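This briefing sets out how the copies in the model are related, how chains meet, and how one sheet is built.

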There are 4 protein chains.
Amino acid sequence: MSKIKVGVAGYGTIGQRLADGVAMQEDMELVGIADLAPTLSVRALAENDMIGANGVKYDLYLVDGADKSSFDALGIPTAGTFEELVGKVDIMLDSAPGGIGAKNKELYQRLGKKAIFQGGEKNSVADVFFHGYANYEKGVGADYLKLTSCNTTGLIRTVDCLDRAIGIEKVAITIIRRVADPGDYHRGLTNALQMDKAPSHQAVDLMTIMPHVEATGILVHTPVTHGHIITVLATAKDGKKITKDMALEAFRAHPRIRTVTIDEGFRGNASLFKYARDLGNRRGDMYEIGLWEDSIVESGNDIMYAINIPQESVTIPETIDAIRAAMKMQLTRDEGTAMTNKYLNIGKFKK
Amino acid sequence: MSKIKVGVAGYGTIGQRLADGVAMQEDMELVGIADLAPTLSVRALAENDMIGANGVKYDLYLVDGADKSSFDALGIPTAGTFEELVGKVDIMLDSAPGGIGAKNKELYQRLGKKAIFQGGEKNSVADVFFHGYANYEKGVGADYLKLTSCNTTGLIRTVDCLDRAIGIEKVAITIIRRVADPGDYHRGLTNALQMDKAPSHQAVDLMTIMPHVEATGILVHTPVTHGHIITVLATAKDGKKITKDMALEAFRAHPRIRTVTIDEGFRGNASLFKYARDLGNRRGDMYEIGLWEDSIVESGNDIMYAINIPQESVTIPETIDAIRAAMKMQLTRDEGTAMTNKYLNIGKFKK
Amino acid sequence: MSKIKVGVAGYGTIGQRLADGVAMQEDMELVGIADLAPTLSVRALAENDMIGANGVKYDLYLVDGADKSSFDALGIPTAGTFEELVGKVDIMLDSAPGGIGAKNKELYQRLGKKAIFQGGEKNSVADVFFHGYANYEKGVGADYLKLTSCNTTGLIRTVDCLDRAIGIEKVAITIIRRVADPGDYHRGLTNALQMDKAPSHQAVDLMTIMPHVEATGILVHTPVTHGHIITVLATAKDGKKITKDMALEAFRAHPRIRTVTIDEGFRGNASLFKYARDLGNRRGDMYEIGLWEDSIVESGNDIMYAINIPQESVTIPETIDAIRAAMKMQLTRDEGTAMTNKYLNIGKFKK
Amino acid sequence: MSKIKVGVAGYGTIGQRLADGVAMQEDMELVGIADLAPTLSVRALAENDMIGANGVKYDLYLVDGADKSSFDALGIPTAGTFEELVGKVDIMLDSAPGGIGAKNKELYQRLGKKAIFQGGEKNSVADVFFHGYANYEKGVGADYLKLTSCNTTGLIRTVDCLDRAIGIEKVAITIIRRVADPGDYHRGLTNALQMDKAPSHQAVDLMTIMPHVEATGILVHTPVTHGHIITVLATAKDGKKITKDMALEAFRAHPRIRTVTIDEGFRGNASLFKYARDLGNRRGDMYEIGLWEDSIVESGNDIMYAINIPQESVTIPETIDAIRAAMKMQLTRDEGTAMTNKYLNIGKFKK
């Protein structure tokens, strides 16, 4: 079978990781990446002779408005225009800054190419608001998909997991949000917790993906960079009680949920970041969310637990799932996510 | 009526504020404070010629093991021994480091004096685990009381408030905890969120004070110093629905809950800290907890909201309430808390 | 003698403290303050019935573009227009946002009123770039003065102090800058140190005030809110050696330099912030800079030391000095600064 | 030529990176690593089937006091005792916790093995206090060497670089120190800058390595985790002036100094951390120090500049140099450091 040809628009925090993720899939070909300026991310790639993950060469295409001479001056090779890139691919992963994706869509439509957008775009840009585990089949054959954002992606992994095992009708979440990524200087927070108006968009987004669940939540920004923590209170359908053991059993079986404990040394979000670096993972990333077993407590019939969201990398697997669905590479959730997991080495070391 | 004579053991973060709180009560006399060493807090008092809040002179007594010559060398006047202080008072407020209070209790008992302990001591040190609004009457005439800790004190203000207005049977909380006080160097956290094992002690403590409520919760430490934020999900008794308006009406009527909004400029915990400084409050403190009106959301029949806990000062009013109860100055919750509020200028500017 | 009439434009972080500083001067009258919107700072004043420092009532005037109805709706009393305020005063303290001061100057000129601008304005707005200790006499009788910024003000205190005692010809500074004030949400930095291009403007400004000194420096932003720390390497004229004792003697004699040690408990910038709160200072402010005695080290003939700059309040005394100079209240540096110090209780507790 | 056999004691933050560094050297063999407990670092290695850098298998030996059953329970394979490891090697890299190295030395001596200690040990543990660039020849053939600490290692790279090019007689440094590593929870600092008593040990250590240079300095801890920043003021011998161009030329030629600019996007320490991750470097590490070209300023005849120290990895190259010197693999600084640089891919992308 010939490989599915994929392009990536925008080589920022997410775009770099999408390119890496595609480069890891043996049934996909990374045709190229596209960006506007010789950012540090692009320069790091050039310092490596344009070799990215898995030994794959990343051809760099320039979007409209890019100044080719600024790349030439730094000796960074370029491969053509954005339109040329789109012309060569079967599907685009669009991780351009928020709002640009909607504009890019015009080109994708003109050239008859499918595309998958990240969480920064409006839902209206896509036909399907997609999550690999929660609604894979909705994405099968679709032309334009939008991924859930990082928190929503991780959150839904757990809620969908409980829902399939037990049946969930309501969740209330508290998002303890990291305010910036490592290396961000354009935004920050110093010695402050910052409130967002409730309900958080993540709760609203969850209801779009899982319409049979009622969700609400409060989001508080915190001055850290290594991963969000979300507490979830989940209520089962029909007044059913969820025990800690029931929840644990479900979570432990999920390939993209890494259950951890404080006693092992996973004392917080930074422990998981450090662990991913010590694993030797590229960029120090982790695809799994962390779930603290010792945070799980029963509240009447409800269950409460806390998860860690590695914001830079968590959406990569579900985006790869989306390619599989859109391109009909696999027709079912189980087959699609299993193939993604295989190539990303996800879930290999489950307890 | 003669004033109730009060002493304060331990002149640290809490002890200083207890002394100030007593000095503000026109029906109490601050007999003195006691400490071990010429800490910066003691030196600041000495720099002000031992004059504290409300123009009151704070006489300094030395606890066992103190080296009087170290005070003399700095020209800090002392007034006698700890035992002499205890001998002069009607009741002691004990804010000594955790564990010392239990030892001090032997002296209080020997001299036949009442005492109120802070949250750092074990519950067994006291006859009554006390909260001014939730169980004032239990403290009336009691000899040894222990106050709830800062988070529990603020949390119970809101849960008791809803309980009296509506009837509450269950709460699930997420505590986004400040890890240190301003000026702390002996503990800290840098770019990390840190998990505690669930359930948090605050949930357990709430159940001790309000045994008809089932409570659980998860606590996460965050690298900030200006106040905890807690999200609360409260469930009414008998399946009753709590609307946002019902909750708002109850909260707005509570003297020790300051309802605020993001749009006014109260963007987070640091806004409330700044506001207290701009009010000109002594030490930049605030006795009220903040409650964000725009955080209140309905979750099915339940209500969810977020509060701010000014950890350095929040327990002061309830500790003053405890004096009133223990000394039978006022026999009811309404009378006792009203008198405390009057002298601490609490609730004057309710909307 | 009649009091000098002073107005304050802009009631933000600096403006509030300028108003307080003026209110403390028994030979000055605070005619009023001016602002644009009912900010939290204005609301805090209103919550106190418009009573500020020293029991003084602060009349609030509205600048052009203010919506009086927004104040009325909150029950905040206003006293008239900005032009009316300027018409009543002898001199304006302008702490409006950067750039607005230059525009306000047109009004001051039209009404024939003197003014003192803060560090955010360009030097060209003023006739004299002023520092109370370094060039007081240049400000005597001047119409338009501009104060040095917070870091430069504190830095010059020490360099001028050494220069008068020993003679200084060169300084090299490293500014470890706090990135935001407590309560700031519009700017921040999370887990990062941020470089500015060298030389820092503070070094350049020092040379403007002290043209016989060659200065350069590097500034690094850090994610803290409670005071800058500056290290200074100072070289004496004519190859003279500066010993630690010589430096210490000079620093200890300066009223606006508080010499401290780590052993006393002053472990960093936050210790000084906490100490100011514990002193009961309004808003938890400190007018003195801190200077660590145990940071002073000899480097060949040069001397190196570290100081703490309380950014919110450090420029207040020198601004009051500027009023005294501009209005010819005192004609010399010694008389002018002594009067300011007296009313602000500065230097009372020197070792 | 047969490979030099190397062991690593202590598999913590430094030990992991030492093992990786050795594994990259084609003329060395990593015989094994040793540790006490199944820490997260050990578990991460086990999750990768004990495969570390460069595809090398890391055999794990257990130090005295280790509980083998705790490793067995987790399925972590072990290879023998610490003494067995030491028996097999030519030289040990000791990165055990501070103080343990001195105890380990007894074993090394008994078995007649050389060893290299990290900065946490006392100087007396070693015959030579070593820096690859500053005193390589002193280490040639030595039995026991101690590496400079992270800050000192990076600092000396630059001072030695200027010294060889121009001649340096005096430096004054300000160390803006990161307080913890990513993932540290046992130490931290929250919203505070913390002073150390001057002079900093790094200045003292520099004088031990470069006795012809007079050095002093002040160290301030800051609440960040991604690299120290040091400002250096360097004075040339004999009153010679150092221009910016002279300094730049020297720095740009040094393989272990990466000169960067703010305009490129290197806005601070976190930019360099992010860049190393984006390079795909193992663990997101960088061996080079960063030096900001736009921080370099002239101060009279002196030169001032700022550098970034990646604390987790900066000492690895100089430690590898130390193996080369101690084992007489290369007899000169130029040959020894060049071989280390080659295998660690250092300096490949110099401008």
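Chain B is superposed on chain A by a rotation of 180 degrees with 0.0 Å of shift along its axis (RMSD 0.0 Å), the fit being by least squares on the C-alpha atoms of residues with pLDDT of at least 70 in both copies. The two copies are thus related as by a two-fold rotation axis. This is a predicted model, in which local features need pLDDT of at least 70, side-chain atom pairs count only at pLDDT 80 or more, and totals for chains, interfaces and linings use all residues. Residues are numbered from 1 along each chain as its sequence is written, while chains are lettered from A and ligands numbered from 1 in the order in which they are written.

**Interfaces**

- Of the interface residues of chain B, 100% are also interface residues in chain A, so the copies meet through the same surface.
- Between chains C and D, 37 residues of chain C are in contact with 37 residues of chain D (C-beta atoms, placed from the backbone, within 7 Å).
- The largest share of the side of chain C that touches chain D comes from β11(C), with 5 residues; strands are DSSP runs of E of at least two residues and helices runs of H or I of at least four, numbered from the N terminus.

**Sheet of chain B**

- An open sheet of 8 strands has the order β4-β3-β2-β1-β5-β6-β8-β7 (chain B), with parallel pairing (at least two DSSP bridges between two strands).
- Its edge strands, β4 (80-81) and β7 (128-130) of chain B, each pair on one side only.
- Strands β1 (residues 4-9) and β5 (residues 91-94) of chain B pair in the parallel sense over 4 bridges, and B:Val8 stands opposite B:Leu93 in β5(B).

Definitions and conventions: Two residues are in contact if their C-beta atoms, placed from the backbone, lie within 7 Å.
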